[in-house]
Amino acid sequence: MPVKQPFNEIAKKYDLLNDFMSLGLHRAWKNSLFGALSDGLPQSARVLDLATGTGDVASLFLKRLPPERIFAADPCEPMMNEGKKKYPELKQWHCAMAESLPFEEQFFSVVTCTFGVRNFQDRTLAFQEIARVLKPNGKFGILEIHPIPQKLRYFPFRIFWRYGIPLWGRLFSRLRAYEYLRDTAAQFISPEVMVEELQRFFEIEERKPLLGGGLVTLIVAKKR
Ligand SMILES: C[S@@+](CC[C@H](N)C(=O)[O-])C[C@H]1O[C@@H](n2cnc3c(N)ncnc32)[C@H](O)[C@@H]1O
């Protein structure tokens, strides 16, 4: 299945589904990431929100930076079209994959990616690209869903993850998209492995479990 297809299918309902599936918690997680990255950010900084979807994280930076300094990028146009309606103040929308970014070297002070890294086709290439477009000491902030940590592998949680998530999604959208969500998270790497992969290009500044001992994890990495 082409990576962006599930998001084409659910673009119009993505925000509603995100609120339902996370019980609204994704908003608090995104604010935590913004808090970790925005302290001391100068007005002259440029920020890229990669795998922006409908632009939530890009929009948070409007509190700190002029709109022309905030860039949002995603390969899925229907997702970004929803974002353009929600945040007309944001002007810089780019159709692009993380593996091939249409920006010059050392262009950004901060790159964010929330719930997008698990969709990358080639993480090494994507991390290399992100490091390329970041200034020296620039920061890469990530929120991601990882496989269920060992301590949550008890029966009721597994049943909820296996059947509850797609059933919930089915109430509002096409089942396939939510099976995809569950399966990409279940087959994804642990936060420990992600840290190892990032260390090729970045120093890890912060790693914080936000839910379930690491099921949702925030990572801030600094370009070496
Ligand atoms: C789960 S959504 C996350 C959207 C948003 N960041 C959020 O947190 O609500 C994942 C996004 O990753 C995008 N995506 C898929 N493959 C990608 C790639 N190779 N590079 C960048 N983004 C990608 C999808 O189009 C989709 O919009």
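The legends below describe close-up views of a predicted model.

**View 1. Phenylalanine 71 and phenylalanine 108 form an aromatic pair.** This pair is one part of a wider set, for the structure holds eleven aromatic pairs. The rings of phenylalanine 71 and phenylalanine 108 meet edge-to-face. Their centres are 5.3 Å apart, with 80 degrees between the planes. Phenylalanine 71 lies in strand β2 (residues 70-74) and phenylalanine 108 in strand β4 (residues 108-114), so the pair ties together parts that are 37 residues apart in sequence. Phenylalanine 71 is buried, with a relative accessible area of 6%. Phenylalanine 108 is buried too, at 0%.

**View 2. Four phenylalanines form one aromatic cluster.** Its members are Phe71, Phe103, Phe107 and Phe108. Phenylalanine 108 is buried, with a relative accessible area of 0%. Its ring and that of phenylalanine 107 have centres 5.0 Å apart and planes at 90 degrees, so this pair is edge-to-face. The cut-off for that class is over 60 degrees. Phenylalanine 107 has a relative accessible area of 15% and is buried. Arginine 46 lies over the face of phenylalanine 107. The distance to the ring centre is 3.9 Å.

**View 3. Strand β4 pairs with β1 and with β5.** Seven of the seven residues of β4 are buried, so the strand is largely enclosed by the rest of the structure. Strand β1 (residues 47-50) runs parallel to β4, and four bridges join them. Valine 47 has valine 110 as its bridge partner in β4. Strand β5 (residues 134-145) also runs parallel to β4, joined by six bridges. Here phenylalanine 108 finds its bridge partner in leucine 134 of β5. Helix α6 (residues 123-133) belongs to this view as well: β4, α6 and β5 make a right-handed β-α-β unit.

**View 4. Strand β2 pairs with strand β3 in the parallel sense.** Four bridges link β2 to β3 (residues 92-95). The chain passes from β2 through helix α5 (residues 77-86) to β3, and this β-α-β crossover is right-handed. Phenylalanine 71 has glutamine 92 as its bridge partner in β3. The phenylalanine 71 ring also pairs edge-to-face with phenylalanine 108. One residue thus appears in both a strand pairing and an aromatic pair.

**View 5. Aspartate 74 makes contacts from strand β2.** Aspartate 74 is found in β2. At 9% relative accessibility, this residue counts as buried, since the cut-off is under 20%. A polar atom of its side chain lies 2.9 Å from the backbone nitrogen of glycine 53. The side chain of aspartate 74 also reaches the backbone nitrogen of cysteine 76, at 2.8 Å. Aspartate 74 is among the residues that come nearest to the ligand.

**View 6. Nineteen residues surround the ligand.** Tyr14, Ala51, Asp74, Ala98 and Thr114 come nearest. Which atoms of the ligand take part in the contacts shown? For alanine 98, a backbone N or O atom lies 2.9 Å from a nitrogen atom of the ligand. For glutamate 99, a polar side-chain atom lies 3.0 Å from a nitrogen atom of the ligand. For threonine 114, an N or O atom in the side chain is 2.6 Å from an oxygen atom of the ligand.

Key
Residues are numbered from 1 along each chain as its sequence is written. This is a predicted model: local features need pLDDT of at least 70, side-chain atom pairs count only at pLDDT 80 or more; totals for chains, interfaces and linings use all residues. Side-chain values use heavy atoms; hydrogens and water are left out. Rings of Phe, Tyr and Trp (its six-membered ring) pair if their centres lie within 6.5 Å; planes under 30 degrees apart count as stacked, over 60 as edge-to-face and the rest as tilted. Helices (H or I, at least four residues) and strands (E, at least two) are DSSP runs, numbered from the N terminus. Buried means under 20% relative accessible area, exposed over 50%, partly exposed in between (1.4 Å probe, protein chains only). A charge sits over a ring if NZ of Lys or CZ of Arg is within 6 Å of the ring centre and within 35 degrees of the ring normal. Two strands pair if DSSP finds at least two bridges between them. A crossover is right-handed if, with the strands pointing away from the viewer, the path from the first strand over the helix to the second runs clockwise. A residue is near a molecule or strand if one of its heavy atoms lies within 4 Å of it. A polar contact is a pair of N or O atoms within 3.5 Å; within protein, one must be able to donate a hydrogen and the other to accept it, and residues adjacent in sequence count only if both atoms are side-chain atoms.
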